[in-house]
2 protein chains.
Amino acid sequence: METRKTVSIKDVARTANVSLATVSRVINNSENVKPEMRELVQNTIRELGYSPNHAARSLVKRKTNCIGVVVNNLHDPFFYDLIKGFEHGAQQTKYNVIFCSVLGGDADSKENYVKYLTNGVVDGVVLYGSYLNDRKVLDYLKESNHVDYVMIENDVRECSCNKLLIDNYGGSKKAVEHLMQRGHKKIAHICGNPNKKVTQERMNGYLDCIRDAGLEIKEGYIQYTSTDYCSGYDKMKMLISLDNRPSAVFCSDDAIASFAVRAVMDSGLRVPEDVSIIGFDNQRILPDGYRGPLITSVEQPLYQIGQDSIHILAEQLEYPEEAKLIRHVYETKLIEKETVGYCGGI
Amino acid sequence: METRKTVSIKDVARTANVSLATVSRVINNSENVKPEMRELVQNTIRELGYSPNHAARSLVKRKTNCIGVVVNNLHDPFFYDLIKGFEHGAQQTKYNVIFCSVLGGDADSKENYVKYLTNGVVDGVVLYGSYLNDRKVLDYLKESNHVDYVMIENDVRECSCNKLLIDNYGGSKKAVEHLMQRGHKKIAHICGNPNKKVTQERMNGYLDCIRDAGLEIKEGYIQYTSTDYCSGYDKMKMLISLDNRPSAVFCSDDAIASFAVRAVMDSGLRVPEDVSIIGFDNQRILPDGYRGPLITSVEQPLYQIGQDSIHILAEQLEYPEEAKLIRHVYETKLIEKETVGYCGGI
DNA sequence: CTGAAAGCGCTTACAG
DNA sequence: CTGAAAGCGCTTACAG
């Protein structure tokens with residue numbers, strides 16, 4: 001490759017025969033510059049193809065005008081609405097938004113990205129996810145008071161920061177109540193990654209709802225998936241093979257639910273006639289192998305949350321004096337589709 | 001919010017009663033530091049909760065150890081495999097990878113992000129996309145020789161940079177030939193966004209293939225979708241309503257194809273018995289409303305391309321002397337699924 | 001092995 | 001309106 005040589009503000013100043021300060025002023029649209037000066041400088045900037053160095057500028061201004069977003073597994077179609085929210089939020093502010101993705105639930109990698117971002121590359125970060133082993137990251141963030149951040153889905157008490165939360169507990173109650181209203185009494189649960197707080201919350205909603213109704217959770221009615229969504233398939237097969245087969249299954253998320261539906265269909269049973277299934281997320285994008293009915297689900301306003309998170313950060317960065325920590329719990333909404341039917345059985 | 005105060009290398013040096021240079025040396029794992037010094041410094045770093053400022057460091061080292069990825073509409077499920085490739089590629093190098101998303105085909109926004117990235121925030125950038133109006137961005141990139149980059153899907157001749165290309169022309173020939181092998185003679189085409197090079201290439205493959213076979217492209221057989229995938233639905237309806245209805249349709253991508261299949265089914269016709277449909281991308285994630293058969297498609301190795309792009313950049317940044325510009329055209333592969341049948345008609 | 005000093009590319013009081 | 005100078009937080013020859 002050719003030799004690297006960047007043109008700096010010095011080159012512009014020398015060529016235009018003005019001081020560094022003057023060049024800086026025209027770059028920053030400062031008022032106090034004589035028109036002819038301004039034009040002269042602008043011309044040489046153009047000639048030389050100069051662009052200001054972002055790192056240098058943010059070093060002295062202590063401001064990067066950027067916001068960083070850190071998530072696990074950016075490729076996951078789950079993020080469709082959330083990313084859209086971030087994108088539109090970004091478009092509506094002057095902040096550049098950059099995304100970092102951490103594979104799996106790798107806490108070290110997450111910490112690495114957060115440290116990187118928070119030390120001179122962004123002014124604020126939004127952190128999505130509720131992996132329980134992200135604790136180290138949060139401890140770090142707690143200490144570093146020079147950066148604003150908002151946490152989505154994570155409600156660590158000791159952390160005083162902006163929190164956007166989702167009423168997973170209530171949402172999962174809505175799901176189970178919906179099943180009960182349709183006459184279901186034998187309701188099982190396939191839950192997600194046990195290392196996430198959401199999983200616990202949704203589980204708790206299920207448990208409490210069942211107990212409050214005086215129903216029984218039969219042997220084998222609670223199935224844990226491993227980290228892979230696909231294992232929802234096997235877990236559903238387990239449930240089907242039970243002597244006391246459930247008439248309805250609440251799945252911790254729609255990815256799991258979609259595999260559960262497949263398992264039912266592959267077993268020669270029908271959804272919802274033989275088994276009702278309800279999910280969580282109202283994820284409207286699924287693997288193309290899915291041929292089942294549309295999944296009844298609990299929706300969380302991810303687009304809104306993504307957009308809000310950027311707006312909140314932008315606002316607080318702009319007006320730090322007026323900034324108040326925000327803690328908001330978003331409500332969920334049951335979306336009836338095609339996978340829940342009335343219980344014909346006992 | 002509290003007052004912001006970052007702890008800098010100076011604070012560490014003062015507290016530990018050593019020079020800046022020494023602190024710098026232990027941060028950078030330089031060998032020439034006495035063990036007791038090193039420990040002393042490491043302790044005070046821990047006590048003070050110090051992390052080096054990335055902007056300052058990269059300013060002096062002229063190296064950021066980061067790679068930036070710029071795409072349009074990161075939320076699009078199309079990117080599933082590509083993002084996975086980027087993520088795994090990143091994991092395999094020491095480079096941090098950050099993603100920037102440009103909404104729609106907004107060239108200004110893309111230029112903004114590219115300028116931002118290339119001026120002190122990353123060492124290299126990978127640019128995905130073939131929007132024709134990205135020209136300005138490419139012109140800019142051409143001038144700035146202080147950054148390595150790889151372009152995916154864009155083959156601007158004047159641009160001497162790494163190029164990872166896909167044989168869209170050949171792939172689309174494969175698609176149309178497959179249809180002809182199944183006896184189809186009345187083959188229509190629904191093409192994508194006309195502002196992308198891929199659209200042109202796939203169109204050309206279609207045209208040449210049809211002509212080489214001595215077939216005729218009937219009135220109305222070529223339909224342009226607007227920027228929205230959904231318009232594939234309406235365009236397919238158009239094709240169905242034609243007096244001389246085509247027996248097969250080649251769609252520029254699977255997103256369009258999925259809407260085309262829906263249109264056929266909603267018209268009371270069957271896929272592939274009445275109309276065969278073939279797509280491009282082998283996108284395995286679709287909107288949940290899709291109930292049709294699995295879409296026969298032309299696959300491009302997006303995961304591989306994503307991973308390769310990061311590797312190539314990392315390699316060139318590491319060993320600039322040995323760096324040679326890479327230009328690679330990836331082959332496509334026909335994936336037979338369920339939407340192409342034998343032509344029963346004339 | 002350690003430190004003083006120069007410098008990376010900018011911005012911003014301060015003086016004129 | 002313009003410029004000289006200090007400084008943002010680091011690293012790295014250079015001297016010792």
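Author: Ala, Val, Leu, Ile, Met, Phe, Trp, Tyr, Cys and Pro count as nonpolar, Asp, Glu, Lys and Arg as charged, and the others as polar. This is a predicted model. By these classes, the surface near DNA strand D has 13 nonpolar, eight polar and seven charged residues.

Reader: What makes a residue part of the surface near DNA strand D?

Author: One of its heavy atoms must lie within 4 Å of the strand. Around DNA strand D there are 28 such residues, and A:Thr22, A:Arg25, A:Met37, A:Arg62 and B:Ser24 are the closest. Of the strand's atoms within 4 Å of the protein, 68% are sugar or phosphate.

Reader: Why is the pair between A:Arg25 and a base oxygen of DNA strand D called a polar contact?

Author: The cut-off for a pair of N or O atoms is 3.5 Å. A polar side-chain atom of A:Arg25 lies 2.4 Å from that base oxygen, so the pair qualifies.

Reader: How do you know that B:Lys10 makes a polar contact with DNA strand D?

Author: An N or O atom in the side chain of B:Lys10 is 3.3 Å from a phosphate oxygen of the strand. That is within 3.5 Å, so the pair counts. B:Ser24 also has a polar side-chain atom 2.6 Å from a phosphate oxygen of DNA strand D.

Reader: Which helix gives the most to the surface near DNA strand D?

Author: Helix 4 of chain B, with five residues.

Reader: And what about DNA strand C, which helix has the largest share there?

Author: Helix 4 of chain A, again with five residues. A polar backbone atom of A:Ala56 is 3.4 Å from a base nitrogen of DNA strand C. That is within 3.5 Å, so this pair is a polar contact.

Terms used
Residues are numbered from 1 along each chain as its sequence is written. Chains are lettered from A and ligands numbered from 1 in the order in which they are written. This is a predicted model: local features need pLDDT of at least 70, side-chain atom pairs count only at pLDDT 80 or more; totals for chains, interfaces and linings use all residues. Side-chain values use heavy atoms; hydrogens and water are left out. A polar contact is a pair of N or O atoms within 3.5 Å; within protein, one must be able to donate a hydrogen and the other to accept it, and residues adjacent in sequence count only if both atoms are side-chain atoms. Helices (H or I, at least four residues) and strands (E, at least two) are DSSP runs, numbered from the N terminus.
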